[in-house]
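Trainee: Could you take me closely through one part of this model, namely its salt bridges, and explain where the partners of each pair sit and how exposed they are?

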Amino acid sequence: MPERRWEVVEEVAGELNAELLRGLLEAQGIDVFLSQEGAGRAIGLSFSPMGLVQVLVPNDAVEEARAILAEYYSGELSSPAEEDQG
């Protein structure tokens, strides 16, 4: 079985932002791995290059993940509560 390959689809400042994107992608059935510089994570940085967190997905889910992120950033995604009000 070939080794699973991961690709960076986004890089964000801070673990909180990365966890938000992880939740969004995992809710759509996409596996996510977060990677941050060890010192940045240990110190709890959310700024500077050491505070950046890479969001990685399996290479076979890159296109889908990027499309979901594009919808998220454009504001096209809505929650069920927003749909009920509309």
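Mentor: What follows goes through the salt bridges pair by pair.

This is a predicted model, and the count of salt bridges in it comes to three. I would begin with Asp31 and Arg4, whose closest N and O atoms are 2.9 Å apart. This pair links distant parts of the chain, since Asp31 sits in the loop between α1 (15-27) and β2 (33-36), while Arg4 belongs to the segment before β1 (6-13), 27 residues apart. With a relative accessible area of 37%, Asp31 is partly exposed, and Arg4, at 45% relative accessibility, counts as partly exposed as well.

The next pair is formed by Glu7 and Arg66, where the closest N and O atoms are 3.5 Å apart. Glu7 lies in strand β1 and Arg66 in helix α3 (residues 62-74), so this salt bridge ties together parts that are 59 residues apart in sequence. Glu7 is partly exposed because its relative accessibility of 33% falls between the 20% limit for buried and the 50% limit for exposed, and Arg66 is partly exposed with a relative accessible area of 40%.

The remaining pair lies within one helix: the side chains of Glu19 and Arg22 meet at 3.0 Å, N to O, and both residues belong to helix α1, three residues apart, which is about one turn of the helix. Glu19 has a relative accessible area of 32% and is partly exposed, and Arg22, with 23%, is also partly exposed.

Definitions and conventions:
Residues are numbered from 1 along each chain as its sequence is written. This is a predicted model: local features need pLDDT of at least 70, side-chain atom pairs count only at pLDDT 80 or more; totals for chains, interfaces and linings use all residues. Side-chain values use heavy atoms; hydrogens and water are left out. A salt bridge is a side-chain nitrogen of Lys or Arg within 4 Å of a carboxyl oxygen of Asp or Glu. Helices (H or I, at least four residues) and strands (E, at least two) are DSSP runs, numbered from the N terminus. Buried means under 20% relative accessible area, exposed over 50%, partly exposed in between (1.4 Å probe, protein chains only).
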